[in-house]
Amino acid sequence: MKRFVIAAVALFVSSIVGISRVEALSPPAVEAPLGRCVFPSSRTLGAIISTEARKTYLSQGYKQAFVGVRVLVQRPILQQLSKGNVSGLKSITPTAENPAMLRITANAKGAPLEVGCNVDAEITTTVVLIDDKGVRSNGRSVTKVIVQGAFQ
């Protein structure tokens, strides 16, 4: 019985000490989403450049023109995203009547929201030209550009 009373007193004292050391908890941190800037149209851009260059060479009188294009987009780093990365998103606020309902204000007149970004790219072209006399010319060029991508 004596042990029970000592245990009860120890429990009572430890609970009082524990209560006196209560600290306010900070609100949970909201982590920002992460995204990479991706340019999804490398093949399309390459095909457009190749077609336009080929048309230009053939219109200049070359008998044959072979144009190879490779678009190499720099691997983007992960970065934190926020409302500032979304063009056209005005505000996100709880409604006064029901705080669990959000009111999202965006672009007027149905304009789309854009989550755009820019990334460095390198366009490498390889050209083989053959004129009317059968003379062959080769060339290779590298152009650095900035392309517009989207976060993923």
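The exercises below work through a predicted model of a protein chain, each with a solution given in steps.

**Exercise 1. Overall make-up**

Describe the secondary structure of the protein chain and the order of its elements, then state what share of its residues is buried.

*Solution.* Begin with the inventory, which gives 2 helices and 8 strands in the protein chain. Reading from the N terminus on, these elements follow the order α-β-β-α-β-β-β-β-β-β. Next, turn to burial: of the 152 residues in the protein chain, 18% are buried, where buried means under 20% relative accessible area. The accessible surface comes to about 12000 Å², and carbon and sulfur atoms account for 59% of that area. Finally, consider the contacts between residues at least 6 apart in sequence, of which 64% join residues at least 24 apart.

**Exercise 2. The disulfide**

Identify the cysteines that are joined in the disulfide, and work out which parts of the chain the pair ties together.

*Solution.* The structure holds 1 disulfide, and its partners are Cys-37 and Cys-117, with an S to S distance of 1.9 Å. To place them, note that Cys-37 belongs to strand E2 (residues 37-38) while Cys-117 belongs to strand E7, so the bond ties together parts of the chain that are 80 residues apart in sequence. The handedness follows from the torsion about the S-S bond, which is about 100°, and the disulfide is therefore right-handed. As a last step, compare each relative accessible area with the 20% limit for burial: Cys-37, with 2%, is buried, and Cys-117, with 10%, is buried as well.

**Exercise 3. Salt bridges**

Find the salt bridges in the whole structure, and for each pair state where its residues lie along the chain.

*Solution.* The search of the whole structure finds 2 salt bridges. One of them pairs Lys-55 with Glu-52, whose closest N and O atoms are 3.5 Å apart. Both residues lie in helix H2 (residues 42-59), and because they are 3 residues apart there, about one helical turn separates them. Glu-52 has a relative accessible area of 42% and is thus partly exposed.

The other salt bridge is formed by the side chains of Lys-144 and Glu-122, at 3.1 Å from N to O. This pair links distant parts of the chain, since Lys-144 sits in strand E8 (residues 136-151) and Glu-122 in strand E7 (residues 116-130), 22 residues apart. Their accessibility can then be classed with the limits of 20% and 50%: Lys-144, at 68%, counts as exposed, whereas Glu-122, at 22%, counts as partly exposed.

**Exercise 4. The aromatic pair**

Determine how the rings of Tyr-57 and Tyr-62 are arranged, and whether each residue is buried, partly exposed or exposed.

*Solution.* A pair of aromatic rings is described by the distance of the centres and the angle of the planes. The structure holds 1 aromatic pair, in which Tyr-57 and Tyr-62 lie 6.0 Å apart centre to centre with 85° between the planes. Planes over 60 degrees apart count as edge-to-face, and that is how this pair is classed. Tyr-57 counts as partly exposed at 23% relative accessibility, and Tyr-62 also counts as partly exposed, at 29%.

**Exercise 5. A nonpolar surface patch**

Name the residues that make the nonpolar surface patch, and locate Ile-104 within the secondary structure.

*Solution.* The patch is made by Ile-92, Leu-102 and Ile-104, and covers about 310 Å². Ile-104 is found in strand E6 (residues 102-105). Because its relative accessibility is 56%, Ile-104 counts as exposed.

Technical notes: Residues numbered from 1 in each chain as written. Predicted model: local features only at pLDDT ≥ 70, side-chain atom pairs only at ≥ 80, totals over all residues. Heavy atoms only, no water. Patch = residues over 30% accessible without salt bridge, like charges linked within 9 Å, V, L, I, M, F, W, Y side chains within 5 Å. Areas by Shrake-Rupley, 256 points an atom, 1.4 Å probe, with all protein chains shown as cover. Salt bridge = Lys/Arg side-chain N within 4 Å of Asp/Glu carboxyl O. Helix = DSSP H or I, 4+ residues; strand = E, 2+ residues; numbered from the N terminus. Buried < 20%, exposed > 50% of the residue type's maximum accessible area, 1.4 Å probe, protein only. Contact = heavy atoms within 4.5 Å. Phe/Tyr/Trp six-rings, centres within 6.5 Å; stacked < 30°, edge-to-face > 60°. Disulfide = S-S within 2.5 Å.
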